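Student: Please show me the protein. I have some questions about its cysteines and its nonpolar packing.

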Amino acid sequence: MTPAELGLWKQLKSKNLCGLIFRRQFGIGPYIVDFYCPELRLAIELDGNSHFGKEAEAYDRVRQTYIEAFGVHFLRFLNNKVYEDLESVLETIKKEAERLKGNGK
């Protein structure tokens with residue numbers, strides 16, 4: 001795990017966030033997402049330098065489209081956002097969790 005992933009994982013593990021269970025490095029088809037909440041069908045991805053550039057961005061689009069076809073919702077954050085404003089990242093995740101719970105997923 002990257003340092004950004006470790007920092008976010010500390011906040012997501014053991015039902016620390018809204019009592020939700022998150023898995024890390026979770027496989028969906030041939031792909032692995034950084035974090036996944038099965039109850040909400042919510043994937044969370046952290047993007048570092050390896051995600052920039054035309055080829056990487058195209059790969060991420062294909063990968064996300066494939067995973068979304070299974071009814072999975074995505075949240076993406078830049079690693080820097082996790083380092084610089086973790087509280088905002090957690091607040092965004094909480095709001096999305098509330099939205100998904102309210103919509104019956």
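Student: How many disulfides does a search of the whole structure find?
Tutor: This is a predicted model. A disulfide needs two cysteine sulfur atoms within 2.5 Å. For Cys18, the nearest cysteine sulfur is 9.4 Å away, in Cys37. The search of the whole structure gives a count of zero.

Student: Why is Cys37 in no bond with Cys18?
Tutor: The cut-off for a disulfide is 2.5 Å between sulfurs. The closest cysteine sulfur to that of Cys37 belongs to Cys18, and it is too far for a bond because the distance is 9.4 Å.

Student: Is Cys37 buried or exposed?
Tutor: Buried means under 20% relative accessible area. Cys18 has 37%, so Cys18 is partly exposed. Cys37 has 0% relative accessibility, so Cys37 counts as buried.

Student: Which helix or strand gives the most to the largest nonpolar core?
Tutor: This core has 21 residues. At least two residues each come from α1 (3–12), β2 (31–37), β3 (42–47), β4 (73–78) and α4 (86–102). With five residues, the top contributor is α4.

Student: Which residues touch the most other members of that core?
Tutor: Phe35 is one of them. Its contacts beyond four places in sequence include Met1, Trp9, Arg23 and Leu46. The full set is Leu8, Leu12, Phe22, Phe35, Ile44 and Ile93.

Student: How many residues are in the second, separate core?
Tutor: Nonpolar side chains tend to be buried together in soluble globular proteins. Here a second core lies separate from the largest one, with Ile28, Val33, Tyr36 and Val72 among its members. Its residue count is eight.

How values were computed: Residues are numbered from 1 along each chain as its sequence is written. This is a predicted model: local features need pLDDT of at least 70, side-chain atom pairs count only at pLDDT 80 or more; totals for chains, interfaces and linings use all residues. Side-chain values use heavy atoms; hydrogens and water are left out. A nonpolar core is a set of buried Ala, Val, Leu, Ile, Met, Phe, Trp, Tyr and Cys residues joined through side-chain atoms within 4.5 Å. Buried means under 20% relative accessible area, exposed over 50%, partly exposed in between (1.4 Å probe, protein chains only). Helices (H or I, at least four residues) and strands (E, at least two) are DSSP runs, numbered from the N terminus. Contact means heavy atoms within 4.5 Å.
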